[in-house]
Amino acid sequence: MAEIIAAVTTSHVPSIGIAMDSGITQDPYWKPLFDGYLPAKEFVKELKPDVTIVIYNDHGLEVFLDRVPTFGIGAAAQYLSGDEGWGPRPIPPFQGDPDLSWHLIEHLVAQEFDMTMFQEMEVDHGFTVPMSVFFGGPAGEIEEWPTRVIPITVNTIQFPLPMPLRCFKLGQAIRKAVDAYPKDTRVLIMGTGGMSHQLQGERSGFMKPDFDRMFLDKMVTDPMALTKIPNGVFMKEAGHEGAELIMWLVARGAMNMDIEEVYQHYHVSASLTAAGLACYRNK
Amino acid sequence: MSSSDEEAAGEPTISERIEEDKRLARSLEGTYLFDGTRSQKNYPLNKMCMSLTKRDNRAAFAADEAAYCAQFGLSEESKQLVFDRDWIGMIRSGGNIYYVFKLASINHTSMQHVGAQQNSMTLEEFRAKLNAHTSK
């Protein structure tokens, strides 16, 4: 039987990808961030997941404003790093798991989550940067990804965004779907985005470490409290773009109510973003 | 629960919840809630920026910015914002930061530069603003 073996969460920032791809992770600006990632790399290495489900938002690669799926899922055999406007990242292709993708689609729709299905899909920094952070070497280097992947997208670009509780429930539905998958498969769920940051407007540069630390604490102790925060409040406390934190709640929903935080790293800042990362195991 | 039950329980209606969320988001200074209203404001600008995810389109844009923008039906005002790389002007006019940033990338302009310009700050001043969070 399949099983969700752990959850990991991290911010996704284009410049973190650029730092890895241009070999400057040991520069004084970046070193504290990348040093903080090392224990998380050890954690996922020992987990040896067969499949990693990556929860992220597309930032204008596959999704434009002409059609915006609130929730989407990849069902491709392979996913390539796409060109977001500054060229694709120089990383190997990701291998998908169409059989598990279609199982998830069937089971999510049966649980009333009407996913948009992608059979052809490129992935952007929201997906690739977290993968490099967790599965890449100390400087993000990677020859071959040690896990198959399934992308799940959440709209965090055009409001209204899905409600935080809905995101949590999507995680619960993913958990049920994985539990019902008959093949022995070790599944890691990865929630990405956040933490506090705002990129647009005169408020760009806004960050709020107090809110982020509260969020990190409640991820473990009281996730239901986080699901009750309205998206307007997420925007106020975490920034217009920081509302991406709702995607951490998808990963949280896929875990037991009682979890253990194995590792946490919080760094202000990676460019304009307060960069948070955490690793969780079920109790 | 029916809507009358919600009212009886003193819970906000769905309309009230939506309005409260928007009111709060719109009350944030220097923030431009990217909802349906704003998404309709300057669709051509966002569409032009989105097209820059293709290398050939970037070359065509670089060769003749005005002609390229005209293909997407940008208003004269929006074209000028593009020529001037006026990031805050683009955001105010309905540009979405993720699409607009693709235009910034053409000139290797970083998000920190975009942030500084939106704040009417020099890059050094803006970096000081970012670093000020470190100690908190």
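Biologist: Leaving aside neighbours within four places in sequence, which residues is A:Q264 in contact with?

Modeller: Keep in mind that this is a predicted model. In it, A:Q264 touches A:L216, A:L277 and A:A278 once those sequence neighbours are set aside. A:Q264 itself sits in strand β10 of chain A.

Biologist: Why is A:Q264 called partly exposed?

Modeller: Its relative accessibility is 32%. Buried means under 20% and exposed means over 50%, so a value in between gets the middle label. That is why A:Q264 counts as partly exposed.

Biologist: What makes the pairing of the A:Q264 and A:E261 side chains a polar contact?

Modeller: The two side chains come to 3.0 Å. The cut-off for a pair of N or O atoms is within 3.5 Å, so that distance passes. As for a residue that A:Q264 doesn't meet, take A:I142: the pair is 122 residues apart in sequence and 23 Å apart in space, C-alpha to C-alpha.

Biologist: Let's move to A:S196. Why does A:S196 count as buried?

Modeller: The relative accessibility of A:S196 is 0%, and buried means under 20%, so the label follows. A:S196 lies in the loop between β9 (185-192) and α6 of chain A.

Biologist: What is in contact with A:S196, leaving aside its neighbours within four places in sequence?

Modeller: Quite a list, including A:F206, A:K208, A:P209, A:E237, A:Y266 and A:L272. A:D212 is on that list too, and the side chains of A:S196 and A:D212 share a polar contact of 2.7 Å.

Biologist: How do you know that A:K208 forms a salt bridge with A:E237?

Modeller: Their closest N and O atoms are 2.6 Å apart. A salt bridge needs a Lys or Arg side-chain nitrogen within 4 Å of an Asp or Glu carboxyl oxygen, so this pair qualifies. The two partners come from distant parts of the chain, 29 residues apart: A:K208 is in the loop between β9 and α6, while A:E237 is in helix α8.

Biologist: Why do A:K208 and A:E237 get the burial labels they do?

Modeller: A:K208 has 29% relative accessibility, which puts it between the 20% and 50% limits, so it is partly exposed. A:E237 has 15%, which is under 20%, so it is buried.

Biologist: What makes A:K208, A:K236 and A:E237 one network?

Modeller: Shared partners in their salt bridges. Besides its bridge to A:K208, A:E237 meets A:K236 at 3.3 Å, N to O. A:K236 is partly exposed, at 35% relative accessible area.

Biologist: How many salt bridges does a search of the whole structure find over all chains?

Modeller: It finds 17. One of them is in chain B, where B:D35 pairs with B:R26 at 2.6 Å. B:D35 is buried at 2%, whereas B:R26 is partly exposed at 46%.

Biologist: What about between the chains: what is the count of salt bridges between chain A and chain B?

Modeller: Two. One of them joins the side chains of A:D83 and B:R58, at 2.8 Å, N to O. There are also 22 residue pairs in polar contact between the two chains.

Biologist: How big is the area buried between chain A and chain B?

Modeller: About 3600 Å², with carbon and sulfur atoms giving 58% of that. The contact takes 43 residues from chain A and 43 residues from chain B.

Biologist: Why is A:K176 called exposed?

Modeller: Exposed means over 50%, and A:K176 has a relative accessible area of 57%, so it makes the cut. A:K176 is part of helix α5 (residues 164-179). Its C-alpha is 30 Å from that of A:A275, which is 99 residues away along the chain.

Biologist: Stepping back, why is chain A said to be as compact as a globular protein of that length?

Modeller: Its radius of gyration is 17 Å, close to the 19 Å that the globule rule gives for 283 residues, so the description holds. Buried residues make up 65% of chain A, and the chain's secondary structure comes to nine helices and 11 strands.

Biologist: Which residues of helix α1 in chain A are buried?

Modeller: A:S15, A:I16, A:G17, A:A19 and A:M20. Their cover includes α2 (31-47), α4 (125-135) and β10 of chain A. Just past the helix, A:G23 has a positive phi of about 70°.

Technical notes:
Residues are numbered from 1 along each chain as its sequence is written. Chains are lettered from A and ligands numbered from 1 in the order in which they are written. This is a predicted model: local features need pLDDT of at least 70, side-chain atom pairs count only at pLDDT 80 or more; totals for chains, interfaces and linings use all residues. Side-chain values use heavy atoms; hydrogens and water are left out. Contact means heavy atoms within 4.5 Å. Buried area is the accessible area (1.4 Å probe) that two parts lose on being put together, summed over both. A polar contact is a pair of N or O atoms within 3.5 Å; within protein, one must be able to donate a hydrogen and the other to accept it, and residues adjacent in sequence count only if both atoms are side-chain atoms. Helices (H or I, at least four residues) and strands (E, at least two) are DSSP runs, numbered from the N terminus. The radius of gyration is taken over C-alpha atoms; the globule rule is 2.2 Å times the number of residues to the power 0.38. Buried means under 20% relative accessible area, exposed over 50%, partly exposed in between (1.4 Å probe, protein chains only).
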